[in-house]
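Subject: Structure handover, salt bridges

Hi,

Here is the structure I said I would pass on. Have a look at it first, and then read my notes underneath.

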Amino acid sequence: MRIAFIGLGKMGGGMTRNLLRAGHQLTVYNRSREKAEALKADGAEATRSPAEACQNAQVAFTMLADDSAVADTVFGEHGIAAGLPQGAVHISSSTISANLARRLTAEHAAKGQGYLSAPVFGRPDAAENKKLIVVAGGKTEEIERVRFLLEAVSRAVFIAGREPFHANLFKLCGNFMLSSMLETFGEAFATLRKSGADHHAFLEIMNELFGSPVYKNYGTTIADEEFEPAGFALKLGLKDVRLVLEAAGEVDAPMPLASLLRDQLLTAMSNGQEQLDWSSISQVASRNAGLTIDRNP
Ligand code: NAP
(Lines give C-alpha, C1' and ligand atoms only; values in the text may rest on other atoms or scores of the structure.)
Protein backbone atom coordinates (compact mmCIF):
# COMPACT_ATOMS: atom_id res chain seq x y z
CA MET A 1 0.00 0.00 0.00
CA ARG A 2 1.13 3.60 -0.56
CA ILE A 3 1.55 5.11 2.88
CA ALA A 4 2.58 8.58 4.02
CA PHE A 5 4.14 8.66 7.50
CA ILE A 6 4.55 11.97 9.28
CA GLY A 7 6.42 12.26 12.59
CA LEU A 8 9.59 10.18 12.84
CA GLY A 9 10.43 10.64 16.52
CA LYS A 10 11.06 7.89 19.08
CA MET A 11 7.80 6.13 18.24
CA GLY A 12 7.30 7.04 14.59
CA GLY A 13 10.76 5.80 13.55
CA GLY A 14 10.11 2.23 14.72
CA MET A 15 6.56 2.14 13.34
CA THR A 16 7.83 3.30 9.96
CA ARG A 17 10.49 0.60 9.82
CA ASN A 18 7.87 -2.07 10.55
CA LEU A 19 5.65 -0.81 7.72
CA LEU A 20 8.66 -0.89 5.39
CA ARG A 21 9.52 -4.44 6.54
CA ALA A 22 5.93 -5.45 5.73
CA GLY A 23 6.59 -4.41 2.12
CA HIS A 24 4.70 -1.10 1.95
CA GLN A 25 5.73 1.91 -0.11
CA LEU A 26 6.43 4.84 2.22
CA THR A 27 6.76 8.57 1.69
CA VAL A 28 7.89 10.19 4.94
CA TYR A 29 8.03 13.69 6.37
CA ASN A 30 9.57 15.03 9.56
CA ARG A 31 9.98 18.62 10.75
CA SER A 32 13.72 18.02 11.29
CA ARG A 33 14.60 16.70 7.89
CA GLU A 34 17.55 14.51 8.94
CA LYS A 35 15.19 11.92 10.48
CA ALA A 36 13.41 11.53 7.12
CA GLU A 37 16.71 11.35 5.24
CA ALA A 38 17.93 8.63 7.60
CA LEU A 39 15.00 6.41 6.57
CA LYS A 40 16.01 6.49 2.91
CA ALA A 41 18.44 3.65 3.62
CA ASP A 42 15.44 1.54 4.70
CA GLY A 43 13.60 2.27 1.45
CA ALA A 44 11.43 5.29 2.35
CA GLU A 45 11.15 8.39 0.16
CA ALA A 46 11.80 11.65 2.06
CA THR A 47 9.57 14.61 1.19
CA ARG A 48 9.57 18.35 1.93
CA SER A 49 6.07 18.83 3.33
CA PRO A 50 3.20 16.79 4.80
CA ALA A 51 1.13 17.61 1.69
CA GLU A 52 3.85 16.28 -0.61
CA ALA A 53 4.17 13.10 1.46
CA CYS A 54 0.41 12.54 1.11
CA GLN A 55 0.08 13.31 -2.60
CA ASN A 56 -0.40 9.73 -3.84
CA ALA A 57 -1.04 8.06 -0.51
CA GLN A 58 -3.92 5.73 0.31
CA VAL A 59 -3.23 6.10 4.03
CA ALA A 60 -1.44 8.80 6.04
CA PHE A 61 -0.16 8.00 9.53
CA THR A 62 0.75 10.74 11.99
CA MET A 63 2.86 10.15 15.11
CA LEU A 64 3.52 13.65 16.41
CA ALA A 65 4.19 15.11 19.85
CA ASP A 66 0.95 16.86 20.78
CA ASP A 67 -2.24 18.65 19.71
CA SER A 68 -0.54 21.71 18.28
CA ALA A 69 1.96 19.62 16.25
CA VAL A 70 -0.92 17.55 14.82
CA ALA A 71 -3.14 20.57 14.10
CA ASP A 72 -0.29 22.45 12.35
CA THR A 73 0.70 19.39 10.34
CA VAL A 74 -2.84 18.57 9.24
CA PHE A 75 -4.44 21.97 8.74
CA GLY A 76 -1.38 24.06 7.76
CA GLU A 77 -0.94 25.46 4.25
CA HIS A 78 1.10 22.46 3.08
CA GLY A 79 -0.60 20.11 5.47
CA ILE A 80 -2.09 16.64 5.27
CA ALA A 81 -5.66 17.82 4.67
CA ALA A 82 -4.44 19.78 1.62
CA GLY A 83 -2.48 16.88 0.13
CA LEU A 84 -4.38 13.69 0.97
CA PRO A 85 -6.53 12.39 -1.92
CA GLN A 86 -10.28 11.93 -1.45
CA GLY A 87 -11.09 8.46 -0.16
CA ALA A 88 -7.72 8.12 1.57
CA VAL A 89 -7.58 7.71 5.36
CA HIS A 90 -5.65 9.63 7.99
CA ILE A 91 -4.67 7.39 10.92
CA SER A 92 -3.65 9.48 13.93
CA SER A 93 -1.51 7.54 16.42
CA SER A 94 -0.33 10.46 18.54
CA THR A 95 -1.73 10.86 22.03
CA ILE A 96 -4.00 13.86 21.46
CA SER A 97 -7.11 15.38 22.98
CA ALA A 98 -10.61 14.05 22.40
CA ASN A 99 -11.51 17.52 21.09
CA LEU A 100 -8.85 17.51 18.41
CA ALA A 101 -9.92 13.99 17.38
CA ARG A 102 -13.50 15.29 16.93
CA ARG A 103 -12.21 18.20 14.82
CA LEU A 104 -10.09 15.85 12.69
CA THR A 105 -13.08 13.55 12.14
CA ALA A 106 -15.27 16.44 10.98
CA GLU A 107 -12.73 18.29 8.83
CA HIS A 108 -11.46 15.19 7.03
CA ALA A 109 -15.07 14.11 6.35
CA ALA A 110 -15.80 17.54 4.85
CA LYS A 111 -12.95 16.94 2.38
CA GLY A 112 -14.05 13.41 1.51
CA GLN A 113 -11.14 11.91 3.48
CA GLY A 114 -11.43 9.21 6.14
CA TYR A 115 -10.17 9.57 9.70
CA LEU A 116 -9.28 7.02 12.39
CA SER A 117 -7.76 7.49 15.83
CA ALA A 118 -5.26 4.72 16.55
CA PRO A 119 -3.19 5.69 19.61
CA VAL A 120 -0.78 3.13 20.99
CA PHE A 121 0.47 1.67 24.26
CA GLY A 122 4.13 0.67 24.43
CA ARG A 123 7.51 2.39 24.54
CA PRO A 124 9.97 3.09 21.70
CA ASP A 125 11.48 -0.43 21.96
CA ALA A 126 7.96 -1.86 21.53
CA ALA A 127 7.47 0.37 18.48
CA GLU A 128 10.74 -0.92 17.03
CA ASN A 129 9.90 -4.57 17.72
CA LYS A 130 6.25 -4.60 16.62
CA LYS A 131 5.07 -5.04 20.22
CA LEU A 132 2.73 -2.05 20.48
CA ILE A 133 -0.90 -2.33 21.51
CA VAL A 134 -3.08 -0.30 19.12
CA VAL A 135 -6.44 1.09 20.20
CA ALA A 136 -8.49 1.94 17.12
CA GLY A 137 -11.56 4.15 16.97
CA GLY A 138 -13.69 4.88 13.92
CA LYS A 139 -16.13 3.38 11.47
CA THR A 140 -15.88 -0.42 11.49
CA GLU A 141 -15.55 -0.67 7.70
CA GLU A 142 -12.75 1.91 7.69
CA ILE A 143 -10.87 0.13 10.49
CA GLU A 144 -11.21 -3.22 8.73
CA ARG A 145 -9.86 -1.70 5.50
CA VAL A 146 -6.57 -0.77 7.24
CA ARG A 147 -6.46 -3.36 10.02
CA PHE A 148 -3.51 -5.14 8.34
CA LEU A 149 -1.48 -1.92 8.64
CA LEU A 150 -2.30 -1.58 12.33
CA GLU A 151 -1.28 -5.22 12.75
CA ALA A 152 1.99 -4.54 10.92
CA VAL A 153 3.08 -2.18 13.72
CA SER A 154 1.68 -4.03 16.75
CA ARG A 155 1.18 -7.22 18.70
CA ALA A 156 -2.54 -6.54 19.26
CA VAL A 157 -5.28 -4.30 17.91
CA PHE A 158 -8.28 -3.38 20.09
CA ILE A 159 -11.36 -1.51 18.94
CA ALA A 160 -12.63 1.30 21.18
CA GLY A 161 -15.79 2.03 19.19
CA ARG A 162 -17.18 3.79 16.13
CA GLU A 163 -16.30 7.26 17.43
CA PRO A 164 -12.60 7.96 16.82
CA PHE A 165 -12.30 10.11 19.95
CA HIS A 166 -13.24 7.12 22.14
CA ALA A 167 -9.86 5.60 21.26
CA ASN A 168 -8.18 8.81 22.45
CA LEU A 169 -10.12 8.63 25.72
CA PHE A 170 -9.00 5.00 26.19
CA LYS A 171 -5.40 6.05 25.67
CA LEU A 172 -5.63 9.04 28.03
CA CYS A 173 -7.30 6.98 30.77
CA GLY A 174 -4.67 4.26 30.28
CA ASN A 175 -1.85 6.76 30.67
CA PHE A 176 -3.58 8.15 33.75
CA MET A 177 -3.43 4.66 35.28
CA LEU A 178 0.22 4.27 34.30
CA SER A 179 1.18 7.61 35.84
CA SER A 180 -0.69 6.68 39.04
CA MET A 181 1.47 3.57 39.22
CA LEU A 182 4.64 5.66 38.79
CA GLU A 183 3.58 7.94 41.63
CA THR A 184 2.81 5.00 43.94
CA PHE A 185 6.24 3.51 43.26
CA GLY A 186 7.83 6.88 44.03
CA GLU A 187 6.01 7.27 47.36
CA ALA A 188 6.52 3.65 48.47
CA PHE A 189 10.23 3.60 47.56
CA ALA A 190 10.82 6.95 49.30
CA THR A 191 9.33 5.62 52.54
CA LEU A 192 11.28 2.37 52.28
CA ARG A 193 14.59 4.01 51.43
CA LYS A 194 14.27 6.62 54.17
CA SER A 195 13.58 3.81 56.66
CA GLY A 196 16.69 1.96 55.50
CA ALA A 197 14.66 -0.90 53.98
CA ASP A 198 15.68 -2.63 50.75
CA HIS A 199 13.37 -1.24 48.04
CA HIS A 200 14.76 -3.65 45.41
CA ALA A 201 13.69 -6.61 47.59
CA PHE A 202 10.26 -4.97 47.99
CA LEU A 203 9.99 -4.67 44.20
CA GLU A 204 10.52 -8.42 43.81
CA ILE A 205 7.51 -9.05 46.05
CA MET A 206 5.37 -6.53 44.16
CA ASN A 207 6.31 -8.25 40.89
CA GLU A 208 5.13 -11.55 42.34
CA LEU A 209 1.93 -9.89 43.51
CA PHE A 210 1.01 -7.90 40.40
CA GLY A 211 2.59 -10.16 37.74
CA SER A 212 2.74 -7.33 35.21
CA PRO A 213 5.61 -6.53 32.83
CA VAL A 214 4.61 -2.87 33.09
CA TYR A 215 5.04 -2.93 36.88
CA LYS A 216 8.28 -4.85 36.53
CA ASN A 217 9.86 -2.55 33.93
CA TYR A 218 8.82 0.75 35.48
CA GLY A 219 9.51 -0.56 38.99
CA THR A 220 13.07 -1.43 37.99
CA THR A 221 13.62 1.91 36.24
CA ILE A 222 12.46 3.77 39.35
CA ALA A 223 14.34 1.54 41.80
CA ASP A 224 17.56 1.99 39.77
CA GLU A 225 16.83 5.70 39.07
CA GLU A 226 17.64 5.23 35.37
CA PHE A 227 15.68 8.10 33.85
CA GLU A 228 17.93 8.81 30.86
CA PRO A 229 17.62 8.40 27.96
CA ALA A 230 13.89 9.02 28.25
CA GLY A 231 11.62 6.48 26.54
CA PHE A 232 8.70 8.82 27.17
CA ALA A 233 9.62 12.38 28.09
CA LEU A 234 8.10 13.76 31.30
CA LYS A 235 6.76 16.84 29.52
CA LEU A 236 4.67 14.53 27.27
CA GLY A 237 3.41 12.73 30.37
CA LEU A 238 2.25 16.08 31.78
CA LYS A 239 0.49 16.78 28.46
CA ASP A 240 -1.46 13.50 28.82
CA VAL A 241 -2.52 14.12 32.41
CA ARG A 242 -3.69 17.59 31.41
CA LEU A 243 -5.66 16.08 28.53
CA VAL A 244 -7.39 13.49 30.71
CA LEU A 245 -8.36 16.26 33.16
CA GLU A 246 -9.74 18.31 30.26
CA ALA A 247 -11.78 15.34 29.02
CA ALA A 248 -13.04 14.59 32.54
CA GLY A 249 -13.94 18.24 33.09
CA GLU A 250 -16.08 18.25 29.96
CA VAL A 251 -18.33 15.54 31.41
CA ASP A 252 -18.14 16.74 35.05
CA ALA A 253 -16.26 13.62 36.18
CA PRO A 254 -13.87 14.57 38.99
CA MET A 255 -10.43 12.94 38.82
CA PRO A 256 -8.76 14.03 42.07
CA LEU A 257 -5.84 11.69 41.60
CA ALA A 258 -5.15 13.10 38.13
CA SER A 259 -5.09 16.60 39.67
CA LEU A 260 -2.44 15.46 42.12
CA LEU A 261 -0.42 13.84 39.34
CA ARG A 262 -0.52 17.07 37.33
CA ASP A 263 0.94 18.95 40.30
CA GLN A 264 3.63 16.32 40.89
CA LEU A 265 4.58 16.49 37.20
CA LEU A 266 4.63 20.30 37.35
CA THR A 267 6.96 20.09 40.34
CA ALA A 268 9.21 17.74 38.37
CA MET A 269 9.17 20.17 35.41
CA SER A 270 10.17 23.01 37.75
CA ASN A 271 13.14 20.90 38.80
CA GLY A 272 14.33 20.65 35.20
CA GLN A 273 13.09 17.12 34.52
CA GLU A 274 11.07 17.74 31.35
CA GLN A 275 13.40 15.67 29.15
CA LEU A 276 13.88 12.86 31.68
CA ASP A 277 11.65 9.80 31.47
CA TRP A 278 8.22 10.41 33.00
CA SER A 279 8.95 7.74 35.62
CA SER A 280 11.23 10.38 37.19
CA ILE A 281 8.00 11.78 38.69
CA SER A 282 9.16 9.47 41.52
CA GLN A 283 11.97 11.92 42.32
CA VAL A 284 9.36 14.37 43.60
CA ALA A 285 8.44 11.96 46.41
CA SER A 286 12.14 11.29 47.06
CA ARG A 287 12.91 15.00 47.30
CA ASN A 288 9.90 15.62 49.53
CA ALA A 289 11.20 12.92 51.84
CA GLY A 290 14.58 14.66 52.00
CA LEU A 291 16.39 11.88 50.17
CA THR A 292 19.42 12.59 48.02
CA ILE A 293 18.69 12.45 44.31
CA ASP A 294 21.41 10.62 42.40
CA ARG A 295 20.96 12.65 39.26
CA ASN A 296 19.70 16.01 40.40
CA PRO A 297 19.34 17.86 37.06
P1 NAP B 1 9.24 12.49 20.10
O2 NAP B 1 10.34 11.51 19.98
O3 NAP B 1 9.46 13.76 20.84
O4 NAP B 1 8.74 12.84 18.60
C5 NAP B 1 7.82 13.86 18.39
C6 NAP B 1 7.60 14.05 16.90
O7 NAP B 1 6.72 15.18 16.70
C8 NAP B 1 8.88 14.37 16.13
O9 NAP B 1 8.76 13.87 14.83
C10 NAP B 1 8.86 15.91 16.12
O11 NAP B 1 9.62 16.47 15.08
C12 NAP B 1 7.39 16.14 15.89
N13 NAP B 1 6.96 17.48 16.28
C14 NAP B 1 6.96 18.02 17.52
N15 NAP B 1 6.44 19.27 17.50
C16 NAP B 1 6.14 19.53 16.20
C17 NAP B 1 5.57 20.63 15.53
N18 NAP B 1 5.20 21.74 16.20
N19 NAP B 1 5.39 20.54 14.19
C20 NAP B 1 5.74 19.43 13.50
N21 NAP B 1 6.29 18.34 14.09
C22 NAP B 1 6.47 18.39 15.42
O23 NAP B 1 7.92 11.85 20.75
P24 NAP B 1 7.46 10.31 20.79
O25 NAP B 1 7.92 9.75 22.08
O26 NAP B 1 7.78 9.67 19.49
O27 NAP B 1 5.88 10.53 20.94
C28 NAP B 1 5.05 10.78 19.81
C29 NAP B 1 3.60 10.63 20.26
O30 NAP B 1 3.38 9.30 20.71
C31 NAP B 1 3.19 11.55 21.41
O32 NAP B 1 1.86 11.98 21.24
C33 NAP B 1 3.32 10.65 22.63
O34 NAP B 1 2.47 11.08 23.68
C35 NAP B 1 2.87 9.32 22.04
N36 NAP B 1 3.39 8.10 22.71
C37 NAP B 1 4.69 8.04 23.12
C38 NAP B 1 5.15 6.88 23.74
C39 NAP B 1 6.58 6.76 24.24
O40 NAP B 1 6.84 5.87 25.08
N41 NAP B 1 7.50 7.56 23.77
C42 NAP B 1 4.28 5.80 23.93
C43 NAP B 1 2.97 5.88 23.45
C44 NAP B 1 2.53 7.05 22.84
P45 NAP B 1 11.20 16.80 15.31
O46 NAP B 1 11.92 15.51 15.07
O47 NAP B 1 11.49 17.85 14.32
O48 NAP B 1 11.34 17.29 16.74
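What follows is a short tour of the salt bridges.

Keep in mind that this is a predicted model. It holds 13 salt bridges in total, and I'll go through three of them here.

Let's start with Arg21 and Glu128, whose closest N and O atoms are 3.5 Å apart. Arg21 sits in helix α1 (residues 10–21) and Glu128 in helix α7 (residues 124–128), so this bridge ties together parts that lie 107 residues apart in sequence. Arg21 counts as exposed, at 54% relative accessibility, while Glu128 is partly exposed at 26%. This pair also has company: Arg17 joins Arg21 and Glu128 in a network of salt bridges.

Next up is Asp277 with Arg123, where the closest N and O atoms are 2.9 Å apart. Both ends are in loops: Asp277 is in the one between α13 (256–270) and α14 (282–288), and Arg123 is in the one between β7 (120–121) and α7, so the link spans 154 residues of sequence. Asp277 has just 1% relative accessibility, and because buried means under 20%, it counts as buried. Its partner Arg123 is partly exposed, at 25%.

The last one is Arg162 with Glu141, at 3.6 Å from N to O. Arg162 belongs to the loop between β9 (154–161) and α9 (164–194), and Glu141 to helix α8 (residues 140–152), so the parts tied together here are 21 residues apart in sequence. Arg162 is partly exposed at 47%, and Glu141 is partly exposed at 49%.

Cheers

Notes: Residues are numbered from 1 along each chain as its sequence is written. This is a predicted model: local features need pLDDT of at least 70, side-chain atom pairs count only at pLDDT 80 or more; totals for chains, interfaces and linings use all residues. Side-chain values use heavy atoms; hydrogens and water are left out. A salt bridge is a side-chain nitrogen of Lys or Arg within 4 Å of a carboxyl oxygen of Asp or Glu. Helices (H or I, at least four residues) and strands (E, at least two) are DSSP runs, numbered from the N terminus. Buried means under 20% relative accessible area, exposed over 50%, partly exposed in between (1.4 Å probe, protein chains only).
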